[in-house]
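Please look at the model below before reading on. The dialogue that follows asks how certain descriptions of it are justified.

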Amino acid sequence: MTELKELRRLVKEGEGAQLEFKLKTTHPEKIMREVVAFANSQGGTLLLGVADNAELVGLKFPEEDAFVMEKSFARYVHPEVSYTREEIPLENGKNILAYRIKKAEDNIVFFNPTGQVEDRKVYVRNADRSIQASKEVKEILKEKLKGKSYRFNYGPKEEVLMKYLDQHEKITVYTFSEVANISHKQASKTLILLVLARVLRVLAGESEDQFILA
């Protein structure tokens with residue numbers, strides 16, 4: 001069981017790749033995006049009753065918020081995610097609800113806003129933000145679930161890529177296609193393979209992803 005001292009230490013670290021604060025369950029659909037992003041990334045902890053400035057406000061009726069959460073897990077998240085819930089009492093008589101979301105090991109988890117398959121979206125975590133996954137990130141997630149080993153041939157385009165990353169910290173699919181004079185599709189496939197081969201790492205972005213050396 002988490003003690004108040006441990007909770008304060010955790011909250012002091014601030015929001016990040018594996019920690020998110022929410023004050024209450026007013027917009028449960030937004031909370032479920034964070035849940036999906038945690039499940040598709042490295043897992044994480046969602047704290048209900050904590051303000052963005054890390055103030056431990058607490059929930060006056062945590063059982064009501066827990067009920068909203070249970071309904072929202074069932075409505076917005078597919079397939080089910082594995083998680084634990086804990087209620088942590090505060091000195092002000094209120095409580096914090098801590099949801100620990102486990103990383104999905106066997107499947108990609110979708111945020112399903114309407115219940116229609118065509119409306120499902122994939123979210124992943126990048127630092128303290130949950131971002132809708134691009135085509136490249138979804139393909140990387142799908143391939144990683146297969147648990148295979150990936151190899152690649154070091155050719156002219158890979159050489160151009162490494163020289164670019166030697167001078168610049170990051171590259172996008174568009175930039176790679178430009179500097180290597182290859183199609184967008186070929187640039188995408190190459191970067192995906194290099195992430196799967198653990199040569200590169202992908203940082204999901206709102207407008208476009210960035211790829212860095214692993």
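**Reasoning from values to terms**

Q: How do you know that the span of helix H7 is close to the expected one?
A: In this predicted model, helix H7 (residues 184-196) has 13 residues and reaches 18 Å from its first C-alpha to its last. The expected value at 1.5 Å a residue is 18 Å, and the span of H7 is therefore called close to it.

Q: Which residues of H7 are buried, and what do the buried residues pack against?
A: Ala-187, Ser-188, Thr-190, Leu-191, Ile-192, Leu-194, Val-195 and Leu-196 are buried in H7. The buried residues of this helix pack against helix H4 (135-144), helix H5 (156-167), helix H6 (173-179), strand S9 (200-203) and strand S10 (210-213).

Q: What follows H7?
A: Arg-198 follows H7, and the phi of Arg-198 is positive, near 65°.

Q: Why is H2 called largely enclosed by the rest of the structure?
A: Of the 13 residues of H2, 10 are buried, so the helix is largely enclosed. Among them are Pro-28, Ile-31, Met-32 and Glu-34. As for its span, H2 reaches 19 Å from its first C-alpha to its last, close to the 18 Å expected at 1.5 Å a residue.

Q: What makes the contact of Lys-22 and Glu-20 a salt bridge?
A: Side chains of opposite charge can pair when their charged atoms come close. The N to O distance for Lys-22 and Glu-20 is 3.6 Å. The cut-off is within 4 Å, so this pair counts as a salt bridge.

Q: Why are Lys-22 and Glu-20 called buried?
A: Buried means under 20% relative accessible area. Lys-22 has 19% and is therefore buried. Glu-20 has 6%, so the term applies to Glu-20 as well.

Q: What makes Glu-34 and Lys-22 a salt bridge, and which parts of the chain does the pair link?
A: Their side chains meet at 3.4 Å, N to O, and the cut-off of 4 Å is therefore satisfied. The pair links distant parts of the chain, with Glu-34 in helix H2 (residues 28-40) and Lys-22 in strand S1 (residues 19-22), 12 residues apart. Glu-34 has a relative accessible area of 10%, so Glu-34 is buried.

Q: Why is the pair of Glu-70 and Arg-85 said to tie parts together?
A: The side chains of Glu-70 and Arg-85 meet in a salt bridge at 3.3 Å, N to O. Glu-70 belongs to helix H3 (residues 62-76) and Arg-85 to strand S4 (residues 83-89), so the pair ties together parts that are 15 residues apart in sequence.

Q: How do you know that Glu-70 and Arg-85 are partly exposed?
A: Partly exposed lies between the buried limit of 20% and the exposed limit of 50%. Glu-70 has 31%, so Glu-70 is partly exposed. Arg-85 has 45%, and therefore the term fits Arg-85 too.

Q: Which residues are joined into one network by salt bridges that share partners?
A: Glu-20, Lys-22, Glu-34 and Arg-125 are joined in this way. The count of salt bridges comes to 13.

Q: Why is strand S5 called mostly covered?
A: In strand S5 (residues 95-101), 6 of its 7 residues are buried, and the strand is therefore described as mostly covered.

Q: How do you know that S5 pairs with strand S2 and with S4?
A: Pairing needs at least two bridges. Strand S2 (residues 44-48) and S5 are joined by 5 bridges and run antiparallel, so they pair. S4 and S5 are joined by 7 bridges and also run antiparallel, so the cut-off is met here too. Tyr-99 in S5 is the bridge partner of Leu-46 and of Arg-85.

Conventions:
Residues numbered from 1 in each chain as written. Predicted model: local features only at pLDDT ≥ 70, side-chain atom pairs only at ≥ 80, totals over all residues. Heavy atoms only, no water. Buried < 20%, exposed > 50% of the residue type's maximum accessible area, 1.4 Å probe, protein only. Helix = DSSP H or I, 4+ residues; strand = E, 2+ residues; numbered from the N terminus. Contact = heavy atoms within 4.5 Å.
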